[in-house]
Amino acid sequence: IANISADSEKALNLIEVEMRSNTNGVTVHTHHKKNNWGNGGSGSVDYIVKVPKSASLKSIEMVNGSLQVEGVEGEVDVEMVNGSVSIEGLTRDSHVSSVNGSIDISYASAASDLDEIELETVNGRIKLTVPESMGLDVDVENMHGSIKNDMGLQMKKSGFIGKELTGIVGNGEVNVEIETVNGGVRIKTK
């Protein structure tokens, strides 16, 4: 489903939506056509893409916009330029990066093949919520911002600038790597 909004009918007509699906996945593109004066007006498209709960979202790439994923238990791989990412209900590996935007990831449980959680942003906060019983091997690096956690791990200063948080929680089965330049990091348990 694509919900298109624009400032005017003229601007609305300059937005083209392309959605394709096949056995390999779903591809969604938004094209902003230019008018005679070289600009495309202003408008936006909100997409709702439904996939099976067990689906793996292995290649999500966005330039401008926010991404919200709910109830997908498969592996997730997201690359954003400008926009926030919010994912709830994960059980498998996740690799999420954003240049400008916050990252909020929540795990419902840990699948037996969960090995890695990798979260990275340049400008934005990162919040990771995991079940209290999940074993973690934590490595967090932060240049400008706070690092907080519910597991009792101690943050320390890293060289001249920045902070880091490392440690093993429980059996340490899941490798957690978090990195941000400008923004706080919070690891919560539930």
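**Exercise 1. How many bridges pair E9 and E11, and in which sense, parallel or antiparallel?**

Before you start, keep in mind that this is a predicted model.

*Step 1.* Look at the two strands side by side: E9 and E11 are linked by six bridges, and their pairing is parallel.

*Step 2.* Pick one bridge to check by eye. Start at Ser 94 and go across to E11, where its bridge partner is Ile 117.

*Step 3.* Now recall what such pairing rests on. Strands of a sheet pair through backbone hydrogen bonds, in either a parallel or an antiparallel way.

**Exercise 2. Place E9 and E11 in their sheet, and find the strands at its edges**.

*Step 1.* Write down the strand order. It reads E5-E7-E9-E11-E17-E13-E16-E15, which makes an open sheet of eight strands with mixed pairing.

*Step 2.* Go to the two ends. E5 and strand E15 (155-157) each have a single partner strand, so each is left with one side that has no neighbour in the sheet.

*Step 3.* Add the angle. On average, neighbouring strands here are turned by 10° against each other, direction ignored.

**Exercise 3. Is His 95 buried or exposed, and what does it touch?**

*Step 1.* Find the residue: His 95 belongs to strand E9, which covers residues 94-100.

*Step 2.* Check its accessibility. The cut-off for buried is under 20% relative accessible area, and His 95 has 17%, so it counts as buried.

*Step 3.* List its contacts, skipping residues up to four places away in sequence. His 95 then touches Glu 75, Val 76, Asp 77, Val 78, Glu 116 and Glu 118.

**Exercise 4. Work out the six-stranded sheet and follow E12 through it**.

*Step 1.* Take the order again. This open sheet runs E6-E8-E10-E12-E18-E14, and its pairing is parallel.

*Step 2.* Name the edges. Strand E6 (67-70) and strand E14 (147-149) have a single partner strand each, so one side of each lacks a neighbour in the sheet.

*Step 3.* Note the turn between neighbouring strands, which averages 5° with direction ignored.

*Step 4.* Look at E12 and one of its partners. E10 and E12 run parallel and are joined by four bridges; one bridge to spot takes you from Ser 106 to Thr 129 in E12.

*Step 5.* Turn to E18. Strand E12 (residues 126-130) pairs with strand E18 (residues 185-189) in the parallel sense, over five bridges. Ile 126 has Val 185 as its bridge partner in E18, while Lys 127 has Arg 186.

*Step 6.* Finish with burial. Four of the five residues of E12 are buried, so the strand is largely enclosed by the rest of the structure.

**Exercise 5. Describe the surroundings of Leu 114 and Ile 15**.

*Step 1.* Start with Leu 114, which sits in the loop between strand E10 (103-107) and strand E11 (116-123). With a relative accessible area of 5%, Leu 114 is buried.

*Step 2.* Leave out residues up to four places away in sequence, and Leu 114 touches Thr 91, Arg 92, Asp 93, Tyr 107, Met 134 and Val 174.

*Step 3.* Try a distance. From Leu 114 to His 144 you count 30 residues in sequence, and the C-alpha atoms are 30 Å apart.

*Step 4.* Move to Ile 15 in strand E2 (residues 15-22). Ile 15 counts as buried too, at 9% relative accessibility.

*Step 5.* Setting aside neighbours within four places in sequence, the contacts of Ile 15 include Ile 4, Thr 30, His 31, Gly 43 and Val 45. Its C-alpha atom is separated by 9.1 Å from that of Lys 34, which is 19 residues away along the chain.

**Exercise 6. Explore the largest pocket: what is its volume, and which element gives the most to its lining?**

*Step 1.* Begin with the volume, about 1600 Å³.

*Step 2.* Find the centre. The lining has 40 residues, and the closest to the centre are Tyr 47, Val 49, Ile 60, Met 62 and Leu 67.

*Step 3.* Sort the lining by element. Strand E3 (25-32), strand E4 (43-47), strand E5 (57-64), E6 and strand E8 (85-90) give two or more residues each. E5 gives the most, with eight residues.

*Step 4.* Sort the lining by residue type: 17 are nonpolar, 17 polar and six charged.

**Exercise 7. Sum up the whole chain: how many helices and strands are there?**

*Step 1.* Count the elements: the protein chain has one helix and 18 strands.

*Step 2.* Get the dimensions. The C-alpha trace spans about 60 × 40 × 25 Å along its principal axes.

*Step 3.* Check burial over the chain, where 34% of the 190 residues count as buried.

How values were computed: Residues are numbered from 1 along each chain as its sequence is written. This is a predicted model: local features need pLDDT of at least 70, side-chain atom pairs count only at pLDDT 80 or more; totals for chains, interfaces and linings use all residues. Side-chain values use heavy atoms; hydrogens and water are left out. Buried means under 20% relative accessible area, exposed over 50%, partly exposed in between (1.4 Å probe, protein chains only). Contact means heavy atoms within 4.5 Å. Two strands pair if DSSP finds at least two bridges between them. Axes are lines fitted to C-alpha atoms, for helices over the stretch in contact, and angles run from 0 to 180 degrees between N-to-C directions. On a 1 Å grid over the protein atoms alone, a cavity is a set of points where a 1.4 Å probe fits but cannot get out, and a pocket is an open set with protein on both sides within 12 Å along at least five of seven lines; lining residues have an atom within 4 Å of a point. Grid points are joined across faces, edges and corners, and a volume is the space filled by probe spheres set on the points. Ala, Val, Leu, Ile, Met, Phe, Trp, Tyr, Cys and Pro count as nonpolar, Asp, Glu, Lys and Arg as charged, and the others, Gly among them, as polar.
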